[in-house]
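Please open the model in a viewer and keep the sequence panel at hand. The stops below proceed from the whole chain to single residues.

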Amino acid sequence: VLGALGEASSAAQAPLMALFMCEPSPGLRSQLASSLVQLGPSGAHALCSILPSDADSPFEAKVVAIDSLAQMGDACAGPNASVLVQCLDASQAEVRRSAAKALGSIGADYLAPEHIAKLAGCLCDGDALVRKTSAEALGKMGRLAAPHADDLGQMLRGADSWTWAAAAESLRMMGAATQAHASALAPRLADAQPSVRWSAAVALGNLGPAAKDELLAVAGLLSSTDASMRKTAANVLAKMGKDAAPAAATL
């Protein structure tokens with residue numbers, strides 16, 4: 001197919017290339033996406049043509065198209081932010097994940113408050129990886145996403161420990177991490193489940209200075225019989241630097 005299109009890709013060929021991305025061959029899809037990326041704005045427009053919910057495109061093609069848009073930088077992905085936002089409503093979790101990640105890579109100049117609010121809504125998505133990816137994307141938006149800090153804080157109070165680290169990191173990146181967030185995580189350091197204790201420790205480290213009053217509890221994990229838990233606690237304390245000095249002094 002690529003040979004039939006000719007060696008020199010052009011803007012006129014972009015729509016046809018996007019159409020062939022819906023073919024079942026992963027290799028062909030990848031090659032076409034790479035060619036469209038090289039076409040710049042016309043390639044971005046073609047990639048977006050297969051993304052609408054009413055487009056007869058397999059979700060695999062949509063994922064590749066979204067990932068390719070993200071690779072093209074703000075000049076191409078930014079003007080299509082609204083298209084990516086629409087993909088957050090896709091029925092397939094894979095599409096929603098890719099859209100959330102792509103939105104996190106777009107510069108602030110292209111993001112409207114409604115775009116960020118839509119992404120924040122995905123913190124309650126039914127797919128854990130979508131929730132985690134959305135939290136990470138909000139953090140990359142920095143202070144623009146600060147109005148949604150309460151939503152991330154609520155994640156730290158929930159039972160989904162797998163997302164705590166991402167939520168905590170994002171709160172720190174947007175300058176919204178507080179002692180209250182650390183206090184919500186601290187009791188989880190004594191949870192019966194090792195995975196929960198690990199998640200709480202890592203999340204506290206990701207909160208940064210806001211968690212300094214809870215580091216004594218983290219230091220307590222250094223006496224754990226689990227080597228991986230001891231290593232995690234040591235890494236968190238090292239990450240906190242001078243803020244961990246009071247906790248370290250008690251050992």
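**The whole chain**

Begin with the entire protein chain, coloured by charge; this is a predicted model. The chain carries 19 positive and 23 negative charges, and the mean positions of the two sets lie 9 Å apart. Switch next to a cartoon, in which 17 helices and 0 strands can be traced. Along the principal axes, the C-alpha atoms fill a box of roughly 70 × 35 × 30 Å.

Now display the surface. Its accessible area is about 11600 Å², and carbon and sulfur atoms account for 55% of that. Of the 251 residues in the chain, 50% are buried. Among contacts between residues at least 6 apart in sequence, 62% join residues at least 24 apart.

**Helix α11**

Select residues 149-157, which form helix α11. Which residues of this helix are buried? They are A149, L152, G153, M155 and L156. Looking down the axis of α11, one finds these buried residues within an arc of 150°, so they line one face of the helix. The spacing follows a general rule: an α-helix has 3.6 residues a turn, so residues three or four places apart point the same way. Turn to the other side of α11, where D150 and Q154 are exposed.

What covers the buried residues of α11? Add α10 (128-140), α12 (164-173), α13 (179-185) and α14 (194-207) to the selection, since the cover includes these helices.

**L152 and the nonpolar core**

Remain on α11 and show the side chain of L152, one of its buried residues. Leaving aside residues up to four places away in sequence, L152 touches L123, A135, L138, A167, S170, L171 and M174. The largest nonpolar core has 81 residues, and L152 is among the four that touch the most other members, together with L36, L138 and L207. In soluble globular proteins, nonpolar side chains tend to be buried together.

**I66 in helix α5**

Finally, move to helix α5, residues 59-71, and select I66. Is I66 buried or exposed? Its relative accessible area is 0%; because the cut-off for a buried residue is under 20%, I66 counts as buried.

Which residues does I66 touch, not counting those up to four places away in sequence? Display L51, L84, C87, V95, S98, A99 and A102 to see these contacts. As a last step, draw a distance between the C-alpha atoms of I66 and C87: the two residues are 21 residues apart along the chain, and the separation is 9.0 Å.

Methods:
Residues are numbered from 1 along each chain as its sequence is written. This is a predicted model: local features need pLDDT of at least 70, side-chain atom pairs count only at pLDDT 80 or more; totals for chains, interfaces and linings use all residues. Side-chain values use heavy atoms; hydrogens and water are left out. Helices (H or I, at least four residues) and strands (E, at least two) are DSSP runs, numbered from the N terminus. Buried means under 20% relative accessible area, exposed over 50%, partly exposed in between (1.4 Å probe, protein chains only). Contact means heavy atoms within 4.5 Å. Accessible areas come from the Shrake-Rupley method with a 1.4 Å probe; for residues, only the protein chains shown count as cover. Lys and Arg count as positive and Asp and Glu as negative; His and the chain ends are not counted. The place of a charge is taken as NZ of Lys, CZ of Arg, CG of Asp or CD of Glu. The arc is that of the directions from the helix axis to the C-beta atoms. A nonpolar core is a set of buried Ala, Val, Leu, Ile, Met, Phe, Trp, Tyr and Cys residues joined through side-chain atoms within 4.5 Å.
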